[in-house]
Amino acid sequence: MALLLIHEEKLLQLSKPKLLIIDELGYLPLEPAAAHLFFQLVSRRYERASMLITSNRPVGEWGQVFGDAVAATAILDRLLHHSQVITIRGDSYRLRDKRRSGLLHKAAAPTPITSES
């Protein structure tokens, strides 16, 4: 019971800001209980307050992130309804800067394996 009260208090706190930023969603898969709590958070904020979410995972993989395709669909239904999706391709600024400084080299294309006759 005490754990439910803590979750309720945290959900209430995270429901209040006009903008909630969630960075790197999907970096690690969520436990089923965490996915359920995230759904509750999205539902509470839906059509009331804005969310900005960054992820390196395409929405097609969010079923894996949440460990439940049905939960992912319900979350995406609410998130994408009034959203602007911006897809950025290419290296991150950190990797690009390391490559420019010579500390990191671009990975070479894999060498094809050929059989000798």
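## Ring pairs and the aromatic cluster

Two rings of Phe, Tyr or Trp, the last taken by its six-membered ring, count as a pair if their centres lie within 6.5 Å. With that in hand, let's look at this predicted model. A search of the whole structure finds two aromatic pairs. In one of them, the rings of Phe38 and Phe66 have centres 5.6 Å apart and planes at 25°, so this pair is stacked, as planes under 30 degrees apart count as stacked. Phe38 belongs to helix H2 and Phe66 to helix H3 (residues 62-66), so the stacked pair ties together parts that are 28 residues apart in sequence.

The rings of Trp62 and Phe66 make a pair too: their centres are 5.8 Å apart and their planes stand at 65°, which is over the 60 degrees needed, so the pair is edge-to-face. Here the partners both sit in helix H3, four residues apart, and are therefore separated by about one helical turn. Taken together, the ring pairs link Phe38, Trp62 and Phe66 into a cluster.

## How hidden are the rings?

Are these rings' residues buried or exposed? Phe38 has a relative accessible area of 9% and is buried. Phe66 comes out at 1% relative accessibility, so it counts as buried, and Trp62 is buried as well.

## Helix H2 and its two sides

Phe38 brings us to helix H2 (32-45). This helix has 14 residues and reaches 20 Å from its first C-alpha to its last, close to the 20 Å expected at 1.5 Å a residue.

Which residues of H2 are buried? They are Ala35, Phe38, Leu41, Val42 and Arg45. These residues cover an arc of only 120° around the axis, which puts them on the same side of H2. Pro32 and Ala33, on the other side of H2, are exposed.

## Two glutamates with positive phi

Finally, a look at the backbone in the loops on either end of H2. Glu24 lies in the loop between strand E1 (19-22) and helix H2. Its phi is near 65°, a positive value in a residue other than glycine. At 37% relative accessibility, Glu24 counts as partly exposed.

Glu47 comes just after H2, in the loop between H2 and strand E2 (50-53). Phi of Glu47 is near 60°, again a positive value in a residue other than glycine. Glu47 has a relative accessible area of 55% and is exposed, because exposed means over 50%.

Key
Residues numbered from 1 in each chain as written. Predicted model: local features only at pLDDT ≥ 70, side-chain atom pairs only at ≥ 80, totals over all residues. Heavy atoms only, no water. Buried < 20%, exposed > 50% of the residue type's maximum accessible area, 1.4 Å probe, protein only. Expected span 1.5 Å × (residues − 1). Arc of directions from axis to C-beta.
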